[in-house]
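Please work through the exercises below with the structure at hand, and try each task before reading its solution.

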Amino acid sequence: MPTDDSRHIGRRQWLSALGIAGVATLAGCADQGSGDGGDGGDGSGGDPVDVGDFPRFGVDDLYGPDVARNLARQAFEQSEHAYGFDGDAMITPDGDQVEIDLYRPAGAETSQLMAEFIAEELDQNLGITVVVEAIEVSRFRSEYFTAEPAGGTDTVNGEEVEWEAPGPYNPGPRSVTSNEAWDMSVVFGLNTYPLNPLTNASFFDGPTASTNPVGYYPQFDASGLFDEASQATSRDELRASFVEIFENLAREQPYIMLVFSDDLIGYNPDIEGPIENFSNGWDLPAWYEGDPTVSGSYDTVVPAGFSTLNPLYNNEDNAETAITRALDQGYTFDENQEYFPLLYDMSTEDGEVWTFDVRENLQFSEPYGQVTAEDFVYLIQELHQSDWANTIGAPRWANVEVEQTGEFQFEATLEAPNVLWPKTYDPLLYPIPRGLIEPYVEEEDAEGLKQDEALLELQFAGNLGAFELEEWNRGSGTEYVRNDEYYLRDIDEGPDLFSEAPLFEEASISVVQEQASRLGALETGEADTATIPPEQYERYSQDENVNVLQVPTPFNTLISVNQRANGWNAGPGNLFRHVPFRQALAAAIGKEELIQGVFRGLAEPHFTWQPRWSEFYPSTDE
């Protein structure tokens with residue numbers, strides 16, 4: 001596995017920590033007014049801003065203090081409170097300069113430089129004082145970015161709606177908040193799902209979204225447009241149907257879109273296998289050092305630890321890496337972005353009914369025996385589709401009918417046909433023994449399920465992963481030994497070297513918070529791979545001891561702006577809830593300046609919810 005966050009297998013993950021990996025984006029449409037700043041304004045007025053269909057905030061005529069302040073004035077007019085400008089400063093109704101916080105990951109130099117750049121831009125172009133706060137990623141996730149599910153109702157896009165399935169990342173209406181208040185964040189970015197953007201409905205549909213920590217309410221018919229797109233029967237139809245969705249997202253800026261950057265990954269130059277491809281690492285079991293024989297150890301260093309290795313509740317990038325060293329998921333995608341079966345193959349005739357064929361050479365550890373279709377069906381029906389377990393897989397299986405049709409076969413029937421369903425990553429499953437989880441199902445014991453030692457330490461993994469987890473040192477990493485019974489050696493597909501997989505005797509993931517120490521380990525050969533920060537790219541690309549690859553990523557770099565009740569701590573109301581204000585923030589931050597100054601030219605500006613290399617990147621945005 002190649003990177004600090006190993007997106008090659010865990011790409012179904014929605015979340016990525018900047019400094020560990022990448023970032024994110026969003027957008028929409030709004031009622032654009034014009035105004036002079038209201039009661040607290042400086043009276044200078046300004047021309048209405050022509051946002052356009054696919055606005056390119058942060059570049060050309062949609063960048064700078066004039067356009068940013070004019071958009072802000074439109075937001076002031078929509079607000080019930082008298083915000084405005086006093087000279088260069090944006091002021092609250094009490095006459096104080098607006099001051100908001102911006103959280104960034106601790107120990108990540110790139111994120112620090114980016115946060116400081118954003119703070120300077122918002123000060124110069126909008127007159128806002130931004131206080132940059134460093135925070136540990138795990139703490140931000142648990143105390144700031146998630147909340148206890150509470151549900152409730154609110155008016156969204158003009159209609160009274162109910163949060164029917166609240167979760168920690170969308171706990172309810174904007175009145176439901178996290179334990180700690182926060183204004184803005186560059187800690188996390190979101191997955192744009194470039195293989196099938198239908199998955200993005202999970203971010204942008206307000207009350208039904210599984211991931212809405214910022215309390216975004218779409219001002220367009222998100223549900224209707226995503227439903228319409230889901231009826232597409234070909235890639236061409238799907239591509240065309242997304243134009244209006246991307247247009248709305250680009251206008252509403254639910255998150256402030258900044259840039260897309262490749263992962264810069266440094267490798268031991270003797271490692272054979274890494275490629276500059278979105279699917280880099282899909283064939284990790286065939287990688288080797290020097291000669292294609294079983295020897296040595298594959299060692300990775302990462303900047304942050306992980307709170308759980310329980311496959312049912314993990315949603316952390318580094319934990320995904322740690323789990324998949326020892327436990328495969330159902331499938332992956334090869335270097336051509338084509339489906340490649342791991343634990344099971346999938347097929348369909350109409351996109352509505354999908355058949356899962358489970359390999360017959362899969363074994364759990366004793367006493368659980370052979371993996372069968374029953375294990376997967378029980379997992380889906382009794383956990384993912386339960387109203388008590390709240391697993392990470394629950395949103396993906398909520399409306400899918402599952403039936404076992406043979407010892408090694410089961411079927412899944414979708415509410416509506418989806419010919420690209422595997423590319424949503426929704427049907428991606430870990431194998432979990434029925435016998436292990438059944439006692440918790442009978443008692444509906446979610447807490448016990450979360451803390452089960454066999455799940456936490458992958459003691460059931462049998463021959464289902466390339467390595468066996470030997471030790472998980474909380475806070476410092478994981479250690480593995482080669483799995484001599486790995487099932488992949490007995491399949492007909494894939495590279496010839498799969499017959500000997502894996503080709504390393506051992507593996508490890510070490511948590512090293514200091515960037516200099518991680519890079520030092522890579523230089524001296526103590527580590528085989530580590531992420532290279534943009535400011536160090538030129539140096540390491542010329543170092544014969546390091547092979548640096550630019551690997552495309554689905555994650556975007558963005559600012560999360562908290563539209564919940566604890567999200568605007570500068571004064572009354574919450575300006576983040578007004579589309580023109582989010583547009584003003586986007587227009588105040590120069591994307592090209594950010595790319596050159598922080599990313600050293602190794603990024604592209606982000607305007608809509610797809611990277612340019614995606615086949616779904618809208619041609620009208622070229």
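The exercises that follow concern a predicted model, and each is paired with a worked solution.

**Exercise 1.** Determine how the radius of gyration of the protein relates to the globule rule for 622 residues.

*Solution.* Begin with the secondary structure, which comes to 16 helices and 27 strands. The radius of gyration is 24 Å, close to the 25 Å that the globule rule gives for 622 residues, so the protein is as compact as a globular protein of that length. Next, consider the box that the C-alpha atoms fill, which is roughly 75 × 55 × 45 Å along the principal axes. Finally, 62% of the 622 residues count as buried, and, among contacts between residues at least 6 apart in sequence, 73% join residues at least 24 apart.

**Exercise 2.** Characterise the packing of helix α8 (residues 373-384) and helix α10 (residues 434-443).

*Solution.* The two helices pack at an angle of about 20°, with their axes 10 Å apart. Because angles under 35 degrees count as roughly parallel, α8 is roughly parallel to α10. The crossing of α8 and α10 is left-handed. On the α8 side, Glu374, Asp375, Tyr378, Leu379, Glu382 and Leu383 take part, and they meet Arg434, Ile437, Glu438 and Val441 in α10. Sorted by class, the residues of this contact comprise five nonpolar, no polar and five charged.

**Exercise 3.** Decide whether glutamine 515 is buried or exposed, and identify its contacts beyond four places in sequence.

*Solution.* Glutamine 515 belongs to helix α13 (residues 515-524). Its relative accessibility is 12%, and since buried means under 20%, glutamine 515 counts as buried. With neighbours within four places in sequence left aside, glutamine 515 is in contact with Glu109, Pro533 and Glu535.

How values were computed
Residues are numbered from 1 along each chain as its sequence is written. This is a predicted model: local features need pLDDT of at least 70, side-chain atom pairs count only at pLDDT 80 or more; totals for chains, interfaces and linings use all residues. Side-chain values use heavy atoms; hydrogens and water are left out. Axes are lines fitted to C-alpha atoms, for helices over the stretch in contact, and angles run from 0 to 180 degrees between N-to-C directions. Helices (H or I, at least four residues) and strands (E, at least two) are DSSP runs, numbered from the N terminus. Angles under 35 degrees count as roughly parallel, over 145 as roughly antiparallel, 65 to 115 as roughly perpendicular and the rest as oblique. A crossing is left-handed if the near helix is turned anticlockwise from the far one by less than a right angle, and right-handed if clockwise. Contact means heavy atoms within 4.5 Å. Ala, Val, Leu, Ile, Met, Phe, Trp, Tyr, Cys and Pro count as nonpolar, Asp, Glu, Lys and Arg as charged, and the others, Gly among them, as polar. Buried means under 20% relative accessible area, exposed over 50%, partly exposed in between (1.4 Å probe, protein chains only). The radius of gyration is taken over C-alpha atoms; the globule rule is 2.2 Å times the number of residues to the power 0.38.
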